Amino acid sequence: MAKDTLELLNYLGWTALRQLNIIGVSMGGMISQELALIIPERIGSLTFVSTAARLVNTIGYWENLRNRINMHSTTNTTSQQFIPKSPDDQLDDVKGRLFSHSWLDAADEYGEFPTNGDRFAAMELKKRQNTEGFTRKGFICQAIAAGWHHKSPEQLKEIADKVGRQRIQVLHGTVDQMITVPHGETLARELGGDGDVTKIIVQGRGHVLHMEEQQKYEQWLENIMDKVEDLR
C-alpha cells in the first residue's frame, strides 16, 4: 500500500524535497512508516496517530485474545462466523474499542443526534450498506497487514535520522482499545521521543482522536506544519 501511495504521489507530480505532510492514522500510520523508509527526503512533516511500529500484547494474554476475537467479529458484517452477534451488540463493541465513553455519551457536536455515540452508530450502519466497498477480502487483508507490520528500533531510527526528528510527531489516546497507548509510547521513544520528536499523549481519549478532539487535533497538525516551515 505504501508503493500504491508512492505511485499516486508520483502521478500527481508531488516529488519535490520536503513537499509532503504525511498524516497516518492507525493502519495508515503503519503505511506511513513504510513510505518514510522509501522517500524520507520528500517528507516535510510526519504525524503518526493511534498507531504502532509493531503490535504486541500489552494487556495480558486472555484480554488480548478476547480483544482480537472481538475485533474480527465486530468490525465487519462479513466476519460474523467468528462470534455471531446482534447488530446492537456489534455496534456497542465497535464504539467501545474506538472511542472513550465520555465522548460517546456527550451530546452530539452537530446537533443531529442525541449523542456522539448515536451519530457514529448511524455512520457505521450506513457504511455497512456498502457491501461492494467493504468486502470480506478487504477486511481479511487489512487484518493480516496490520498484524504482520513490524518495524524494528533500527528501522525507526533510520526513519528519524533521514526524515528529521523535528519533523515528526506521535499522537495517542490513553484509553485507546484498538492499539493501546504503550504502542504509541514505544513508537515515540524509538523514533527519539526524548529528543526532538513531538509526543502528545491525550488523556481520556480513544483511537479516533480526529473526532474526539477535532479542534485540538487540527491545531496539533498546524503546529507541526508551521514548525517545519521554519526548517526549510
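The following dialogue examines how several assignments in this predicted model are justified.

Tutor: In this predicted model, local features require pLDDT of at least 70 and side-chain atom pairs count only at pLDDT 80 or more, while totals for chains, interfaces and linings use all residues. Residues are numbered from 1 along each chain as its sequence is written, and side-chain values use heavy atoms, with hydrogens and water left out.

Student: Why is Ser50 called buried or exposed, whichever applies?

Tutor: Buried means under 20% relative accessible area, exposed over 50%, and partly exposed in between (1.4 Å probe, protein chains only). Ser50 has a relative accessible area of 0%, so Ser50 is buried. Ser50 is located in the loop between strand S2 (43-49) and helix H3 (61-74); helices (H or I, at least four residues) and strands (E, at least two) are DSSP runs numbered from the N terminus.

Student: What is noted about the backbone of Ser50?

Tutor: Ser50 is not a glycine, yet its phi is positive, at about 50°. Arg18 is likewise not a glycine and has a positive phi of about 55°. Arg18 belongs to the loop between H1 and strand S1 (20-25).

Student: How do you know on which side of H1 the buried residues Ala2, Leu6 and Leu9 lie?

Tutor: Ala2, Leu6 and Leu9 are buried in helix H1 (residues 2-12). They cover an arc of only 60° around the axis, and therefore they lie on the same side of H1. The arc is that of the directions from the helix axis to the C-beta atoms. Asp4, Glu7 and Tyr11 are exposed on the other side of H1.

Student: What makes the contact of Lys151 with Glu34 a salt bridge?

Tutor: A salt bridge requires a side-chain nitrogen of Lys or Arg within 4 Å of a carboxyl oxygen of Asp or Glu. The closest N and O atoms of Lys151 and Glu34 are 2.8 Å apart, so the pair forms a salt bridge. This pair links distant parts of the chain, 117 residues apart: Lys151 is in the loop between helix H7 (136-148) and helix H8 (153-163), and Glu34 is in helix H2 (residues 27-38). Lys151 counts as buried because its relative accessibility is 5%, whereas Glu34, at 29%, counts as partly exposed. By this rule the count comes to 13 salt bridges.

Student: How do you know that Lys127 and Glu124 meet in a salt bridge, and where do they lie?

Tutor: The N to O distance is 3.3 Å, which is within 4 Å, so the pair qualifies. Both residues lie in helix H6 (residues 116-128), 3 residues apart, about one turn of the helix. Glu124 is buried at 5% relative accessible area, and Lys127 is partly exposed at 29%.

Student: Why is Asp161 called partly exposed?

Tutor: Asp161 has 41% relative accessibility, between the two limits, and therefore counts as partly exposed. Asp161 forms a salt bridge with Arg165, the closest N and O atoms being 2.8 Å apart. Arg165 is partly exposed too, with a relative accessible area of 25%.

Student: What makes the patch of Glu218, Glu222, Asp226 and Asp230 negative?

Tutor: Asp and Glu count as negative, so these residues form a negative surface patch. Patches are made of residues with over 30% relative accessible area and no salt bridge: like charges are joined within 9 Å, nonpolar side chains (Val, Leu, Ile, Met, Phe, Trp, Tyr) within 5 Å. Glu218, found in helix H11 (residues 214-229), is partly exposed at 40%.

Technical notes. Areas by Shrake-Rupley, 256 points an atom, 1.4 Å probe, with all protein chains shown as cover. Charge placed at Lys NZ, Arg CZ, Asp CG, Glu CD.
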